[in-house]
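Me: I am new to this structure and would like to go through it step by step, with the reasoning spelled out. Could we take one part at a time?

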Amino acid sequence: MNPQPQVPLTLKEYKYPEKAKWTRVEINTFQESLLKNGKDFGQIGNEIKTKKREDCVNFYHLWKKICSTEYEKVRTVWKKRDASFTMDLLKTVPPQAPCLNLRILPQQHLDFELSKNKVKFL
């Protein structure tokens, strides 16, 4: 991660309350937890132990503006994880039976058996 990010002037002028200041250890824990838990800020706060969920949400919005390169890296990891999950989920979906393009009039009755994706008309 970038140890000396470029801070926009408006953020440099903002005076943070003492409780809102983050130590290097808290920031590192935040980033590691963000990668692992996504935007579950309650869980992130639990892992940091010294910050609440609200503190983590506020810091996240500041962090993604100041550390945009790190933010994009985290987003890339999330996207890859989501794509992998989707592919794994699709593997569990059973194949669909082939579509039968039959035109059946309302007064007709059609008897058939379906076994192993094959249709046998009676």
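Reply: Gladly, and a careful place to begin is the end of one helix in this predicted model. Helix 2 is followed by a glycine whose phi is positive, near 70°, and that residue is G38.

Me: How many residues does helix 2 have, and what distance separates its end C-alpha atoms?

Reply: Helix 2 covers residues 24–37, which makes 14 residues. At 1.5 Å a residue the helix should span 20 Å, and this agrees with the distance between its end C-alpha atoms, which is 20 Å.

Me: Which residues of helix 2 are buried?

Reply: An α-helix has 3.6 residues a turn, so residues three or four places apart point the same way. With that in mind, the buried residues of helix 2 can be read along the sequence as E26, I27, F30, Q31, S33 and L34.

Me: Is E26 buried or exposed, and which side chain does the side chain of E26 meet in a polar contact?

Reply: E26 is found in helix 2, and because its relative accessibility is 11%, under the 20% cut-off, E26 counts as buried. Leaving aside residues up to four places away in sequence, E26 touches K21, I48, T50 and K51. Among these contacts, the side chain of E26 makes a polar contact of 2.4 Å with the side chain of T50.

Me: What is the pattern of helices and strands along the chain?

Reply: The chain has five helices and two strands. Read along the sequence, these elements follow the pattern α-α-α-α-α-β-β.

Me: What share of the residues of the chain counts as buried, and what share of the accessible surface belongs to carbon and sulfur atoms?

Reply: The chain has 122 residues, of which 20% count as buried. Its accessible surface comes to about 10,100 Å², and the share that belongs to carbon and sulfur atoms is 56%.

Me: How is the aromatic pair of W22 and F59 arranged, and how many residues apart in sequence are the parts that the pair ties together?

Reply: The count of aromatic pairs comes to eight. One of them is formed by W22 and F59, which are stacked, with 4.1 Å centre to centre and 20° between the planes. W22 lies in the loop between helix 1 (9–13) and helix 2, while F59 lies in helix 4 (residues 53–66), so the pair ties together parts whose separation in sequence is 37 residues.

Me: What kind of aromatic pair do Y60 and Y71 form, and which helices hold them?

Reply: Y60 and Y71 form an edge-to-face pair, with 6.2 Å centre to centre and 70° between the planes. Y60 counts as buried because its relative accessibility is 1%, and Y71 is buried as well, with a relative accessible area of 13%. The pair links distant parts of the chain, 11 residues apart, with Y60 in helix 4 and Y71 in helix 5 (residues 68–91).

Me: Which residues form one aromatic cluster?

Reply: W22 and F59 are both buried, and both of these residues belong to the cluster. The full list of the aromatic cluster is W22, F30, F41, F59, Y60, W63 and Y71.

Me: How many disulfides are counted, and are C56 and C67 buried or exposed?

Reply: C56 counts as buried because its relative accessibility is 0%, and C67 counts as buried because its relative accessibility is 10%. A disulfide is a covalent bond between the sulfur atoms of two cysteines. In this chain the count of disulfides comes to zero.

Notes
Residues are numbered from 1 along each chain as its sequence is written. This is a predicted model: local features need pLDDT of at least 70, side-chain atom pairs count only at pLDDT 80 or more; totals for chains, interfaces and linings use all residues. Side-chain values use heavy atoms; hydrogens and water are left out. Helices (H or I, at least four residues) and strands (E, at least two) are DSSP runs, numbered from the N terminus. Buried means under 20% relative accessible area, exposed over 50%, partly exposed in between (1.4 Å probe, protein chains only). Accessible areas come from the Shrake-Rupley method with a 1.4 Å probe; for residues, only the protein chains shown count as cover. The expected span of a helix is 1.5 Å times one less than its number of residues. A polar contact is a pair of N or O atoms within 3.5 Å; within protein, one must be able to donate a hydrogen and the other to accept it, and residues adjacent in sequence count only if both atoms are side-chain atoms. Contact means heavy atoms within 4.5 Å. Rings of Phe, Tyr and Trp (its six-membered ring) pair if their centres lie within 6.5 Å; planes under 30 degrees apart count as stacked, over 60 as edge-to-face and the rest as tilted. A disulfide is a pair of cysteine sulfur atoms within 2.5 Å.
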